[in-house]
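Me: I'd like to walk through this protein with you, one question at a time. Could you start with the words we'll need?

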Amino acid sequence: MRGFGPGFRARRLLPLRYPPRPPRPRGTRLCSGLTASAMDELLRRAVPPTPAYELREKTPAPAEGQCADFVSFYGGLAEASQRAELLGRLAQGFGVDHGQVAEQSAGVLQLRQQSREAAVLLQAEDRLRYALVPRYRGLFHHISKLDGGVRFLVQLRADLLEAQSLKLVEGPHVREMNGVLKSMLSEWFSSGFLNLERVTWHSPCEVLQKISECEAVHPVKNWMDMKRRVGPYRRCYFFSHCSTPGEPLIVLHVALTGDISNNIQSIVKECPPSETEERNRIAAAIFYSISLTQQGLQGVELGTFLIKRVVKELQKEFPHLGAFSSLSPIPGFTKWLLGLLNVQGKEHGRNELFTDSECKEISAVTGDPVHESLKGFLSSGEWVKSEKLTQALQGPLMRLCAWYLYGEKHRGYALNPVANFHLQNGAVMWRINWMADSSLKGLTGSCGLMVNYRYYLEETAPNSISYLGSKNIKASEQILSLVAQFQNSSKL
């Protein structure tokens with residue numbers, strides 16, 4: 001216990017826990033036999049009717065109790081299926097009045113054909129916009145004004161996303177309501193309402209606990225591990241919202257190093273070179289983990305803002321700092337590769353991933369056909385126990401990974417979500433690192449590979465515009481060389 005400072009003695013008594021589900025608003029627990037009529041009655045009372053266009057600014061707001069009743073009722077729903085049922089009814093029955101939309105659209109078209117004066121046409125367009133607002137938006141708006149209302153809506157969207165992923169509720173109306181709620185949250189959680197806070201070992205225990213629980217990329221093992229991640233040569237920052245000060249929404253971990261790191265174990269496991277930072281040893285800032293603590297804020301642009309703000313903070317603290325880069329996992333790579341191996345394994349004799357010499361070398365080590373043996377080895381991560389197999393796989397896995405990151409697309413953008421995030425920010429796909437994550441999670445998720453996305457600050461804006469507008473990926477010579485090797489040796 002000696003030597004860790006006065007705060008360590010108390011904090012060591014707090015065990016690390018898996019992230020608990022955020023507490024729900026208090027309400028009466030409802031039985032599983034909850035009737036549809038009870039839900040419909042609640043929604044009729046809670047969702048405010050849409051006033052006529054002429055009365056939109058003169059109609060008083062609904063009584064606060066109506067919104068509070070909805071919050072209380074929803075908080076009492078014990079089962080995910082019940083919450084999904086209520087949200088589905090809200091989306092289906094309290095959306096846009098399509099009859100009004102059709103009527104107002106016809107009015108706008110008629111005025112355009114008549115060449116009426118601009119003021120008349122603009123008012124008709126305003127009526128159309130008003131008709132396009134779903135009724136449930138009014139409910140969300142009024143709930144946001146309640147004490148804890150914004151927090152409640154974040155959790156409600158998390159429930160909605162979970163229900164969609166579990167197929168408990170589906171359809172265009174539900175997707176539309178999710179989009180509306182996401183848009184509202186994006187406004188409420190815009191950068192002007194966010195506070196940047198740095199975490200140190202002297203931060204409140206509750207903050208350290210929350211950050212350790214929500215670390216999704218490289219799990220925190222114990223308090224010593226947590227202390228190292230906020231200690232010398234490390235920085236940890238989070239955004240909080242003005243409505244919930246001090247509560248982390250999204251967390252970014254940074255390592256201050258002498259060069260751009262190519263191995264995550266050197267960051268999360270090794271002790272810093274000294275307890276006192278020597279500025280002349282710091283030449284690069286490595287963003288090695290970014291975690292969202294509130295699932296209801298998925299898709300809200302927090303990560304981009306956080307990285308930009310942290311870069312500015314680091315530049316103030318270290319004006320000489322010249323290199324900014326991520327050290328990122330490659331989730332989905334192993335799954336993608338196993339899918340290809342599975343398809344080709346069913347077609348005996350078909351080989352489009354490896355050269356003939358690579359097949360012979362791999363088979364000589366495993367004693368089995370390439371496709372069948374690799375499916376087992378890659379799924380378990382056991383291949384790293386064989387030095388010969390590790391050497392044989394380095395070349396093919398590096399070029400396959402380069403193609404997965406650079407060439408595999410979804411609607412023209414990078415298929416890999418982490419790659420897509422950094423490329424949208426204007427980063428360069430800079431370097432793929434062999435055996436960069438030797439943890440079981442790293443081996444089974446991305447064959448131990450990690451990638452650096454490098455942020456050249458003067459180029460991020462044009463790179464982002466090029467990627468978002470023209471879907472062009474800015475990549476280094478190493479990446480492009482590996483992609484060329486893939487194209488020359490593979491037949492996909």
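Reply: Sure! Contact means heavy atoms within 4.5 Å. Axes are lines fitted to C-alpha atoms, for helices over the stretch in contact, and angles run from 0 to 180 degrees between N-to-C directions. Helices (H or I, at least four residues) and strands (E, at least two) are DSSP runs, numbered from the N terminus. This is a predicted model, where local features need pLDDT of at least 70 and side-chain atom pairs count only at pLDDT 80 or more, while totals for chains, interfaces and linings use all residues. Residues are numbered from 1 along each chain as its sequence is written, and side-chain values use heavy atoms, leaving out hydrogens and water.

Me: At about what angle to β2 does helix α13 run?
Reply: Helix α13 covers residues 303-317. It lies across β1, β2, β3, β4, β5 and β9. Its angle to β2 is about 130°.

Me: Which are the edge strands of the open sheet of seven strands?
Reply: Two strands pair if DSSP finds at least two bridges between them. The order in this sheet is β1-β2-β3-β4-β5-β9-β8, with mixed pairing. An edge strand pairs on one side only, and that picks out β1 (194-199) and β8 (428-433).

Me: Which residue in β3 does F238 stand opposite?
Reply: Strands β2 and β3 run antiparallel and are joined by six bridges. Opposite F238, in β3, stands V251.

Me: Why are the buried residues of α9 on the same side of the helix?
Reply: Buried means under 20% relative accessible area, exposed over 50%, and partly exposed in between (1.4 Å probe, protein chains only). The buried residues of α9 are V174, M177, N178, V180, L181, M184, L185 and W188. They sit on the same side of α9 because the arc they cover around the axis, taken from the directions from the helix axis to the C-beta atoms, is only 160°.

Me: And which exposed residues does the face turned away from α9's buried side carry?
Reply: The buried residues of α9 are covered by elements including α4, α7, α8 and β2. The face turned away from that buried side carries the exposed residues P172 and R175.

Me: Is Q104 buried or exposed?
Reply: Q104 is in helix α5, residues 98-114. Leaving aside neighbours within four places in sequence, Q104 is in contact with R127, L128 and A131. Its relative accessibility is 14%, so Q104 counts as buried.
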